[in-house]
Amino acid sequence: MSDALPAAATAADPIDIEILRHEILSIPNQIERNIERSAFSPLVQEYKDYSVGLVDPDGALVAQSRGSLPIFVANALGTGVREALDTFGADQLRHGDAILTNSPATLGQHLNNVVLLTPIREAGDAGGALVGFFAVLVHWIDIGGSAPGSSTGTDTTDVWQEGLQLPCVRLLDGGRRIDDMFRLCAANSRFPRLLLGDLEAQLAGCLLGRDLMLDILARRGADLVRATLGAMRLQAREAAAAVLATARPGLHVAESFLDGEKGVRVPIRVAVRVEGGRLKIDLSGLGPQMAGPSNAGRNGGAVAAARIAAKYILSPLEPVNQGDFDLLDVEAPDGTFLTASADAPIGGSGNTIPTAVDTILKALGQALPSQEAAAHHGTYGVHTIFGRLPATGELFANLDTVTGGWGATAEDDGAFPLRSNAHGDVPDIPVEMQEALYPFMLLSKALRPDSGGAGRRRGGLGTLKEYRITAPCRISLKFERSQCPPWGLNGGHAGQTGFVDMIRPDGETVRAWKGTFALGAGDRLLIASAGGGGYGLPHEREIERVLADVEAGYVTAQEAALLYGVVLRADASLDAEETRMRRAQLAASQ
């Protein structure tokens with residue numbers, strides 16, 4: 001992209017451009033709310049597993065709704081559009097067409113993530129100039145495959161075991177519904193009513209978003225719209241360039257690892273180079289493609305992880321736009337677990353990305369020390385309870401993920417409890433809804449004391465959920481980072497790792513992180529998420545902060561004395577003399 005604005009933009013009134021920019025940004029947010037209200041499955045209604053956005057005629061992201069998951073910020077919508085352009089050609093994408101795709105070779109994410117897109121042409125005319133596309137990605141609740149929920153399978157060995165593939169196919173042809181496609185999608189889902197309800201919400205949102213853009217074109221004119229799209233991209237690029245200009249030039253490296261499969265650790269080695277006003281993220285040190293489903297394709301894996309990390313560092317508070325990534329280069333060889341082949345199993349495609357993002361951020365923190373942060377809990381922590389309802393025999397599947405602690409920074413304690421850095425601010429499905437629909441009771445969800453890494457700034461806390469199972473069912477687990485605790489920085493301690501305990505009525509306990517397990521009535525589940533890493537030496541934390549942490553239940557009195565050097569008497573009052581001596585001991589041991 002040129003460093004200068006397009007000619008049309010330079011001729012336009014900058015006030016008109018700014019007003020129109022905000023109007024364009026508002027459309028995906030409006031459509032997002034409509035989808036929430038009209039979707040059928042809790043996964044879309046409540047958990048909000050979707051992305052809504054506007055894409056330009058070349059497949060570059062223009063705007064995306066605020067609630068869209070960060071994993072889709074990497075431009076899953078634009079990737080789907082580019083596939084449609086390659087498949088059909090721009091001339092064959094007409095007003096009223098709607099295209100479905102979940103192509104693993106292109107999107108590189110589990111097959112449940114389905115993009116629906118429709119072209120936006122001037123005057124809504126089949127022969128009108130192409131202005132862009134409106135696109136909506138929704139996580140379909142089930143799309144076939146070997147396990148209920150499709151992406152929940154833990155032992156798949158190729159992508160064909162994971163569900164239906166839709167390699168850019170028309171759902172609407174010039175406005176005409178292709179009923180065969182609706183029937184095909186329903187026939188390949190264990191939950192056809194929920195899937196079709198979500199699909200109708202997805203389609204309605206896509207078409208309304210298109211129509212709202214057509215209304216803008218009619219009122220404001222195509223020239224101003226194109227000028228505004230160009231200005232939005234340039235503004236995003238300039239914001240990223242301004243931050244890069246403050247970065248330390250040179251090579252910055254970091255590494256971590258995943259639990260992997262069958263006890264074989266998978267390395268993540270990252271090299272970040274800041275040079276010539278550009279940012280290069282080299283992922284050549286990723287471990288190899290795995291035999292099981294913990295893989296992702298290039299766009300949904302390596303590129304997604306790099307872009308998420310870059311967005312967090314370069315312009316986290318600004319609306320996402322392709323310009324955010326114009327100065328980013330991503331290098332990754334084929335055949336790693338984030339650049340897997342088109343036939344690789346990818347049901348757990350997202351679960352490894354948070355650790356990859358954490359590791360990239362660790363390297364980027366060396367280039368931009370003012371923005372460095374300790375590691376967060378680092379996993380989706382997928383736990384899907386599935387089976388048949390005892391009253392009706394109907395199939396059910398309840399997919400959930402963990403909230404845990406984020407890493408501390410030089411200035412602030414880690415936030416908590418939040419989803420992974422690839423999720424964003426995704427809410428819990430209400431407990432009342434889960435208990436009404438599924439055969440379990442959620443007995444408690446509480447913070448885990450001492451789970452946040454100790455430090456001058458404490459890591460965020462993990463959580464502990466307890467379920468009681470009321471009828472026979474099964475659980476699928478996809479957890480990571482049991483062996484690679486969320487690291488601290490500059491003397492900060494690591495956060496505690498997560499786990500899942502299945503406790504039988506006789507007291508037998510099975511601890512696990514991955515796999516599929518049978519559950520019976522009366523079993524209890526304990527699902528623990530990790531805390532975030534701490535920042536700075538713990539004994540340098542202000543005594544008042546430590547006392548407040550103990551009072552709030554974030555830190556126990558024992559940990560306060562052992563790690564922070566703050567000693568409390570039996571009545572919870574401060575023992576100032578013991579505290580002085582203990583802190584002196586800790587300082588001397590450094």
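## A walk through the predicted model

Start by selecting Asp13, which caps the N-terminal end of helix 2, with a side-chain oxygen 2.8 Å from the backbone nitrogen of Ile15. Keep in mind throughout that this is a predicted model.

**Along helix 2**

Now extend your selection to helix 2, residues 14–38. Put a distance marker between its end C-alpha atoms: they are 37 Å apart, which agrees with the 36 Å that 25 residues should span at 1.5 Å a residue. Next, colour the buried positions of helix 2, including Ile17, Leu20, Ile24, Leu25, Ile27, Ile31 and Ile35. Not every buried name there is a hydrocarbon side chain: Arg21, Asn29, Glu32 and Glu36 in helix 2 are buried as well.

Stay on this helix and pick Glu23. Which residue forms a salt bridge with Glu23? Select Arg219, where the closest N and O atoms of the pair are 2.3 Å apart. This pair links distant parts of the chain, since Glu23 is in helix 2 and Arg219 in helix 7, 196 residues apart. Glu23 is partly exposed, with a relative accessible area of 23%, and Arg219 also counts as partly exposed, at 45%.

**Into helix 7 and strand 4**

Arg219 has brought you to helix 7, so follow that helix, residues 192–220, to Gln202. Is Gln202 buried or exposed? Its relative accessible area is 0%, so Gln202 is buried. Show the side chain of Trp140 too, and you will find a polar contact of 3.0 Å joining it to the side chain of Gln202. Beyond its sequence neighbours, Gln202 touches Val114, Val115, Leu116, Val136, Leu137, Val138 and Trp140. For a C-alpha distance to try, take Gln202 and Leu117: they are 85 residues apart along the chain and separated by 9.6 Å.

From that contact list, pick Val115, which is found in strand 4, residues 113–121. Val115 counts as buried because its relative accessibility is 0%. Its contacts, leaving aside neighbours within four places in sequence, include Ala76, Ile99, Leu100, Thr101, Leu107 and Ala135, along with Gln202. Then zoom out and add Gly565: the C-alpha atoms of Val115 and Gly565 are 53 Å apart, with their positions 450 residues apart in sequence.

**Helix 10**

Jump to helix 10, residues 353–367, and select Thr359. With a relative accessible area of 0%, Thr359 is buried. Its side chain is joined to that of Ser256 by a polar contact of 2.6 Å. Display the rest of its surroundings as well: outside its sequence neighbours, Thr359 touches Ala254, Glu255, Ser256, Ile268, Val270 and Trp487.

While Trp487 is on screen, add Lys362. The charged end of Lys362 sits over the ring of Trp487, 4.8 Å from its centre. For another view of this kind, select Arg177, which lies over the face of Phe182 at 4.1 Å from the ring centre.

**Charged pairs in the loops**

The structure holds 38 salt bridges, and two more are good stops here. Select Arg419 and Asp400, whose closest N and O atoms are 3.6 Å apart in a salt bridge. Arg419 lies in the loop between strand 13 (395–400) and helix 11 (431–437), and Asp400 in strand 13, so the pair ties together parts 19 residues apart in sequence. Both Arg419 and Asp400 are buried.

In the loop between strand 13 and helix 11 you will also find Asp413. Which residue does Asp413 pair with in a salt bridge? Arg541 is the partner, with the closest N and O atoms 2.9 Å apart. Arg541 lies in the loop between strand 20 (524–528) and helix 12 (543–552), so this pair ties together parts that are 128 residues apart in sequence. Asp413 is partly exposed at 24% relative accessible area, whereas Arg541 counts as buried at 1%. Now widen the selection to Arg457, Arg458, Glu542, Arg545 and Asp549, which are linked with Asp413 and Arg541 in a network of salt bridges.

**Last stop: the rings**

How many aromatic pairs are there? The count comes to five. Select Tyr438 and Phe440, a stacked pair at 6.1 Å centre to centre and 25 degrees between the planes. Tyr438 and Phe440 are both buried. Finish by adding Phe396 and Tyr467, since ring pairs link these with Tyr438 and Phe440 into a cluster.

Definitions and conventions:
Residues are numbered from 1 along each chain as its sequence is written. This is a predicted model: local features need pLDDT of at least 70, side-chain atom pairs count only at pLDDT 80 or more; totals for chains, interfaces and linings use all residues. Side-chain values use heavy atoms; hydrogens and water are left out. Helices (H or I, at least four residues) and strands (E, at least two) are DSSP runs, numbered from the N terminus. Buried means under 20% relative accessible area, exposed over 50%, partly exposed in between (1.4 Å probe, protein chains only). Contact means heavy atoms within 4.5 Å. A polar contact is a pair of N or O atoms within 3.5 Å; within protein, one must be able to donate a hydrogen and the other to accept it, and residues adjacent in sequence count only if both atoms are side-chain atoms. A salt bridge is a side-chain nitrogen of Lys or Arg within 4 Å of a carboxyl oxygen of Asp or Glu. Rings of Phe, Tyr and Trp (its six-membered ring) pair if their centres lie within 6.5 Å; planes under 30 degrees apart count as stacked, over 60 as edge-to-face and the rest as tilted. A charge sits over a ring if NZ of Lys or CZ of Arg is within 6 Å of the ring centre and within 35 degrees of the ring normal. The expected span of a helix is 1.5 Å times one less than its number of residues.
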